[in-house]
Amino acid sequence: RKPSMSPADPPLPLSLGTHPSAPLADATDIVLLVDDVPDNLGPLHDALDESGYTVLVATSGEAALALAAKAPPDIVLLDALMPGLHGFDVARRLKADPATAGAPIIFMTGLTETEHVLEAFSAGGVDYVTKPIRPREVLARIAAHLSSARSQRQARQALDAFGHATLVVREFDGRRIWQTALARQLLERYFGEMPDVVSPPELMAWVGRQAIRHRAGADTQTLTVSRGAGRLTCSLHPLEDSPAAAEGQWLIVLREESEAAMLASWMQVFSLTAREAEVLYWVIQGKTNRDIGDILGASPATVKKHLERVYTKLGVETRTAAANLALTRVRG
């Protein structure tokens, strides 16, 4: 047997190997195994070790959090009842930390009463196994949950790369299950600072109302929040035909509209100068050339010249066509 690791130990793999009956692990997959009597889990530890996982062992809740801070795990096998900090609180703290929130948590417990099972899931667990542990069953569940976690991580990375602001929230407690970096920034900008896993009450009240509409077969409605010259539009989408839907999870897409964002978009897409973009903006607001000249400190003739160049670059001939094309680009 290999010794258990204490919080002071370096987070290094205990060993690597192969196990003929188990799924092959990614060499970088870290399993955090938490139990106050780790010797009871000898066969599971050996099976993980032989299957190629990097295994970290903690003998208390405090030690588990310390290890996770040093080496964020890819998945956690967590004893539910331990002296001191029990597993349910450990799970909540892991889920509250952005560095470890994405790691699936499988509870290991001898408890099968409904209230304990519900507490495990409400604390952030995705699965549970009962003692005595059956290693082959646990290995199969680990492989399935790691695959799902990788898919979600890749989806978030792709959305981040393309500048999308999306997040998934859980309806019954308002927990943010995952979010892109842009979504986090927009939520802070329009709702104020808050823990990464907590959703704004205003947002969750809207989610609750739209969830009722969706279940009644009605179309969901958007939420618009204004802050200064900017507006944030939120739209709700069900996660149909997925385990997340059964857990009451919803996808929210955020879209920011502001004067600065519109002008920048038009300048990039239509190759407008800053002044031409400003003229186009005020045309959309219904202003005449004289009004625009007064606003921008230019003569109506100068405004007319700018507008003619706008028509040429947009490939249109009228104010209405220019306005429609520009707004379509912003909303699309």
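Here are some worked exercises on the structure above.

The model is predicted, so local features need pLDDT of at least 70 and side-chain atom pairs count only at pLDDT 80 or more, while totals for chains, interfaces and linings use all residues. Residues are numbered from 1 along each chain as its sequence is written, and side-chain values use heavy atoms, with hydrogens and water left out.

**Exercise 1. Find the buried residues of helix α6 and work out how they are arranged.**

Step 1. Helices (H or I, at least four residues) and strands (E, at least two) are DSSP runs, numbered from the N terminus. Helix α6 covers residues 181–191.

Step 2. Buried means under 20% relative accessible area, exposed over 50%, and partly exposed in between (1.4 Å probe, protein chains only). In α6, the buried residues are A183, L186, L187, Y190 and F191.

Step 3. Look down the axis of α6: those residues fall within an arc of 100°, so they line one face of the helix. The arc is that of the directions from the helix axis to the C-beta atoms.

Step 4. Now see what covers them: β6, β7, α7, β8, β9 and β10 are included.

Step 5. Just after the helix comes G192, with a positive phi near 95°.

**Exercise 2. Which strands sit at the edges of the open five-stranded sheet?**

Step 1. Two strands pair if DSSP finds at least two bridges between them. Going across the sheet, the order is β7-β6-β10-β9-β8, and the pairing is antiparallel.

Step 2. β7 and β8 are the edge strands, as each pairs on one side only.

Step 3. From one strand to the next, the twist averages 25°. Here axes are lines fitted to C-alpha atoms, for helices over the stretch in contact, and angles run from 0 to 180 degrees between N-to-C directions.

Step 4. Zoom in on β6 and β10, which run antiparallel and are joined by six bridges. A165 has L254 in β10 as its bridge partner.

**Exercise 3. Trace the salt bridges of R92.**

Step 1. A salt bridge is a side-chain nitrogen of Lys or Arg within 4 Å of a carboxyl oxygen of Asp or Glu. The whole structure has 13 of them.

Step 2. One partner of R92 is D89, with the closest N and O atoms 3.3 Å apart. These two are three residues apart in helix α3 (residues 87–96), so about one helical turn separates them. D89 is partly exposed at 30%, and R92 is partly exposed at 30% too.

Step 3. Another partner is E119, at 3.8 Å between the closest N and O atoms. This pair links distant parts of the chain: E119 is in helix α4 and R92 in helix α3, 27 residues apart. E119 is partly exposed, at 26% relative accessibility.

**Exercise 4. Is E276, the salt-bridge partner of K313, buried or exposed?**

Step 1. K313 and E276 meet at 2.8 Å, N to O. K313 belongs to helix α12 and E276 to helix α10, 37 residues apart.

Step 2. E276 is buried, at 2% relative accessibility, whereas K313 is partly exposed at 36%.

**Exercise 5. Which residues touch the most other members of the largest nonpolar core?**

Step 1. A nonpolar core is a set of buried Ala, Val, Leu, Ile, Met, Phe, Trp, Tyr and Cys residues joined through side-chain atoms within 4.5 Å.

Step 2. The largest one has 24 residues, and L32, V34, A58, V76, L78, I105 and F107 touch the most other members. At least two residues each come from β1, β2, α2, β3, α3 and β4.

How values were computed
Contact = heavy atoms within 4.5 Å.
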